[in-house]
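Subject: Two-chain model for you to look through

Dear colleague,

I am passing on the structure we spoke about, with the sequence alongside. Please open it first and keep it in view while you read the notes underneath.

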Amino acid sequence: MWKQPAPANSSFNEFNTFPLPQTQRGQSSHAHHGPVGHTQQPLVTGTSVLGLKYEGGVMIAADNLASYGSLARFRDIQRLHPLGKHTLLGVAGDMSDFQWLKKELDALLREEDALALTDSHPSLSPKNIYELLSNLFYARRSKMNPVWNAVLVGGWDKVKQESFLAYVDLLGTTYTAPTLATGFGAHLAQPLLREAYEAKAGIDGNGPLLTKEEAEKVLEDCMKVLFYRDARSLNKYQIATITSEGVSISDSKSADTYWKFAEGLRGYGAQTQ
Amino acid sequence: MANINSVDISRLKNGEVNLGTSIMAVQFDGGVVIGADSRTTTGAYIANRVTDKLTHIHDRIYCCRSGSAADTQAVADVVHQHAQVYTSVYGAPPTVSTAAALFEKMCYDNKDQLSAGIIVAGWDKEAGGSVYNIPLGGGMFQQPWAIGGSGSTYVYGYCDATYREGWNEQETVEFVKNTLALAMSRDGSSGGCIRMCVITKDKVERHFIPGNELPRFWEGKEIIGSIGGNSSQVGVLA
């Protein structure tokens, strides 16, 4: 999903199908020959984020890796960010944009908390935060200066007394479902999440939800599969749980992986030695 | 206008399968130790997590393959055949240097079409253990130890600082194991298990280290979770 950083001064995209917008370098600042885009490329990136509704709340999982292209550069990054007591973001994509988002949203919530001291307006619900992000991301994409992330918003709505889980990304695309995943997770984990969810809730979602233990187990299984097959993943991840009690983020865990079967494999065709 | 008449060989073609890779071979008194990771990728998808990149060329000659899976397999197959014919014709196995020269010829003559970084290593009567590094371009470089593949870039410092001449077989195996583990932990295109081969006059001995038993080094700070949520931590990375 997040490719190798493009060469610094390429005139075309990587398949030579269209020209890349160039920022004006050193030229006269008065002449604007067309729209000025700052479209960017992601540099330090996080991979998949998984989200799953279960009995009593929502779980969101993400590994602790920030990659620089194919380099596993920072291996102790927490990509799950709590907001207030009832919302949590799981963020994939550019990590500098994630840090900017954290700063802005933390400031916003702090202001809201301060205001709430003088009046009795309700705190921002997970849905409010989600809609804010949705508008923000779409507005930035429309200015050709995207916030280069894919975000899962998970939370517990105190008023409606129900769980919340939704997706927003750099294009401003939004959707909500009982199970969600970004990046490689959308291909590898989503089918596993849906299978587990539908086994109990049924195809129409009217049945019971997974228990906490069942939900944890399927997320762990998904993180294991992603570690097996995503070349930008790390076997060190955290799972966050949001319920009516609040937000709780686990310590880092590792999935058990199985490799013994490979000991006897030889070559790629006819080789036996 | 974009030029559609030339292919950029420094990039794999769309969908081409890549042995991203960390490979190495080290000479010691009595033979060589060769090693490789086990990851094959198509972009960021791991097409094979248990690949065998240590390819038999002859009884005591192996090669480590990096770059395009297709290109390296094709070249290795041809050199394997040449080695078999050589043995039939001359009644004795080719030397490692001969096998390396065969690789060099193919890689150099077809340099425009190939994306192959190969390390040839083995034991022969004339030279004992020897290692030949054949990077992109088809040049051939004999070295006491050679590293290759995308993961190798991260371990040049470790290898330069750690390598000593005169190691025995076991010390050499440790060196290969630790180097590959370090490369695999940083390079996204490398990973899985470590496969090694010790090649001496008397044996070709395979070693296998499963992915959950790799040597581990510093992996970043410990990450402790939190309860209750904290929205006032700004500018903190973790």
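What follows is a walk through the two chains, then one strand and one residue of chain A, and finally the contact between the chains.

Please bear in mind throughout that this is a predicted model, and that the values below are computed from it.

The two chains

Chain A has 273 residues, of which 48% are buried, and its secondary structure comes to 5 helices and 13 strands. Its C-alpha atoms fill a box of roughly 75 × 65 × 35 Å when this is taken along the principal axes. Chain B has 238 residues, with 50% of them counted as buried, and it contains 4 helices and 14 strands. If one takes the contacts in chain A with a separation of 6 or more, 62% are between residues 24 or more positions apart, and for chain B the corresponding figure is 62%.

Strand 3 of chain A

I would look next at strand 3 of chain A, residues 57-63, which is mostly covered, with 7 of its 7 residues buried. In a regular strand the side chains alternate between the two faces of the sheet. Here A:Gly57, A:Met59, A:Ala61 and A:Asp63 point one way, while A:Val58, A:Ile60 and A:Ala62 point the other way, and all of them are buried.

Strand 3 of chain A pairs with two strands that I can point you to. With strand 2 of chain A (residues 49-54) the pairing is antiparallel and runs over 6 bridges; these strands form a hairpin with 2 residues between them, and A:Gly56 in the turn has a positive phi of about 100°. With strand 12 of chain A (residues 237-243) the pairing is also antiparallel, over 7 bridges. A:Val58 is a convenient place to see both pairings, since it stands opposite A:Lys53 and also opposite A:Ile242 in strand 12 of chain A.

A:Ile239

Is A:Ile239, which lies in strand 12 of chain A, buried or exposed? A:Ile239 counts as buried because its relative accessibility is 3%, and the cut-off for buried is under 20%. Leaving aside residues up to four places away in sequence, A:Ile239 touches a set of residues that includes A:Met59, A:Ile60 and A:Ala61, as well as A:Leu80, A:Leu219 and A:Ile249. By contrast, the C-alpha atoms of A:Ile239 and A:Ala107, which are 132 residues apart along the chain, are separated by 25 Å.

Where the chains meet

The contact takes 57 residues from chain B and 51 residues from chain A, and it buries about 4,700 Å², of which carbon and sulfur atoms give 50%. Across this interface the rule finds 0 salt bridges, whereas it finds 24 residue pairs in polar contact, with both residues at pLDDT 80 or more. The elements that give two or more residues to the side of chain B that touches chain A include helix 1 (69-90), helix 4 (169-186) and strand 5 (45-48) of chain B, and strand 5 of chain B gives the most, with 4 residues. By class, that side of chain B has 22 nonpolar, 23 polar and 12 charged residues.

The chains are also joined by strand pairing, in that strand 13 of chain A (residues 246-249) and strand 14 of chain B pair in the antiparallel sense over 2 bridges. In that pairing, A:Ile249 has B:Ser226 as its bridge partner.

With best wishes

Conventions:
Residues numbered from 1 in each chain as written. Chains lettered and ligands numbered in written order. Predicted model: local features only at pLDDT ≥ 70, side-chain atom pairs only at ≥ 80, totals over all residues. Heavy atoms only, no water. Contact = heavy atoms within 4.5 Å. Buried area = accessible area lost by both parts, 1.4 Å probe. Salt bridge = Lys/Arg side-chain N within 4 Å of Asp/Glu carboxyl O. Polar contact = N/O pair within 3.5 Å; in protein donor to acceptor, adjacent residues only side chain to side chain. Nonpolar A, V, L, I, M, F, W, Y, C, P; charged D, E, K, R; others polar. Pairing = 2+ DSSP bridges. Buried < 20%, exposed > 50% of the residue type's maximum accessible area, 1.4 Å probe, protein only.
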